[in-house]
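Hi,

Here is the structure I said I'd pass on. Could you open it and keep it on screen while you read the notes underneath?

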Amino acid sequence: MADLTLDQLEVGKPVKIEKDGKTICVARVGDEVFAVDDTCSHSEASLSEGEVTDFKIECWLHGAEFDLRTGAALTLPANISLETYAVKIDGNSVTVEI
């Protein structure tokens, strides 16, 4: 069963979903879709409220940036990577694989 549709994912506007007890941030960059933990590894802030630029998402609280492709923390104050999740796109359906 799909978690989202491509129509629900606007480029640059992340979406928060709940799946299997996890809170996940899903973001679209061009034709690609990425999924990472929604909680910033530096604070308890929701990354789905942040901004996406290219393949980076910025935490709205303290400005830490993460690579959506790898989950790597790119800027301080964050120094711990995020967990990433595989995303399957089938037509308009988007499924995050835990």
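**Cysteines to start with**

Cys-40 is buried, at a relative accessible area of 4%. Throughout this email, buried means under 20% relative accessible area, exposed means over 50%, and partly exposed is in between (1.4 Å probe, protein chains only).

Before going further, a word on the source: this is a predicted model, so local features need pLDDT of at least 70 and side-chain atom pairs count only at pLDDT 80 or more, while totals for chains, interfaces and linings use all residues. Residues are numbered from 1 along each chain as its sequence is written, and side-chain values use heavy atoms, with hydrogens and water left out.

Back to Cys-40: its sulfur sits 3.9 Å from the closest cysteine sulfur, which belongs to Cys-59, and that is too far for a bond. I called a disulfide when a pair of cysteine sulfur atoms lies within 2.5 Å. The structure holds zero disulfides. Cys-25 is in none either, and the nearest cysteine sulfur to it, again from Cys-59, is 10 Å away. Like Cys-40, Cys-25 is buried, with a relative accessible area of 0%.

**The sheet**

Strands here are DSSP runs of E, at least two residues long, numbered from the N terminus. Two of them pair if DSSP finds at least two bridges between them. On that basis, six strands make an open antiparallel sheet, in the order β1-β9-β8-β4-β3-β2. β1 (4–5) and β2 (15–19) are the edge strands; each has a single partner, so one side of each has no neighbour in the sheet.

At the β1 edge, the partner is β9 (residues 93–97), joined antiparallel over two bridges, with Thr-5 standing opposite Ser-93. β9 also pairs antiparallel with β8 (residues 84–90), over five bridges, and there Ile-89 faces Val-94. β8 and β9 form a hairpin with two residues in between, and Gly-91 in that turn has a positive phi of about 65 degrees.

At the β2 edge, five bridges connect β2 to β3 (residues 22–29), again antiparallel. Lys-19 has Lys-22 of β3 as its bridge partner.

**Cores**

I took a nonpolar core to be a set of buried Ala, Val, Leu, Ile, Met, Phe, Trp, Tyr and Cys residues joined through side-chain atoms within 4.5 Å. The largest one has 16 residues, and those with the most contacts inside it are Cys-40, Leu-47, Val-52, Ile-57, Phe-66 and Leu-68. β3 and β4 (32–37) each supply at least two of its residues; the largest share, three residues, comes from β3.

Who does Val-52 touch? Taking contact as heavy atoms within 4.5 Å, and not counting residues up to four places away in sequence, the answer is Gly-12, Pro-14, Ala-27, Val-29, Ile-57 and Leu-68. Apart from this core lies another, of eleven residues, including Leu-9, Ile-24, Val-26 and Tyr-85.

**One aromatic pair**

For rings of Phe, Tyr and Trp (its six-membered ring), a pair needs centres within 6.5 Å; planes under 30 degrees apart are stacked, over 60 edge-to-face, and the rest tilted. That rule gives a count of one aromatic pair. Phe-34 and Phe-55 make it, edge-to-face, at 5.7 Å centre to centre and 85 degrees between the planes. Phe-34 is in β4 and Phe-55 in the loop between β5 and β6, so the pair ties together parts 21 residues apart in sequence. Phe-34 is buried at 11% relative accessibility, whereas Phe-55 is partly exposed at 24%.

**Loops worth a look**

- Asp-20, in the loop between β2 and β3, has a positive phi near 50 degrees despite not being glycine, and is exposed at 62% relative accessibility.
- Asp-54 is in the loop between β5 and β6 (56–58). Its phi is also positive, near 55 degrees, and it is exposed, with a relative accessible area of 57%.
- Ser-46 lies in the loop between β4 and β5 (51–53) but is buried, at 11% relative accessibility. Leaving out residues up to four places away in sequence, Ser-46 touches Lys-16, Asp-38 and Trp-60.
- Pro-77 is in the loop between β7 (65–67) and β8. The peptide bond leading to it from Leu-76 is cis, with omega near 10 degrees.

Cheers

Terms used: Helices (H or I, at least four residues) and strands (E, at least two) are DSSP runs, numbered from the N terminus.
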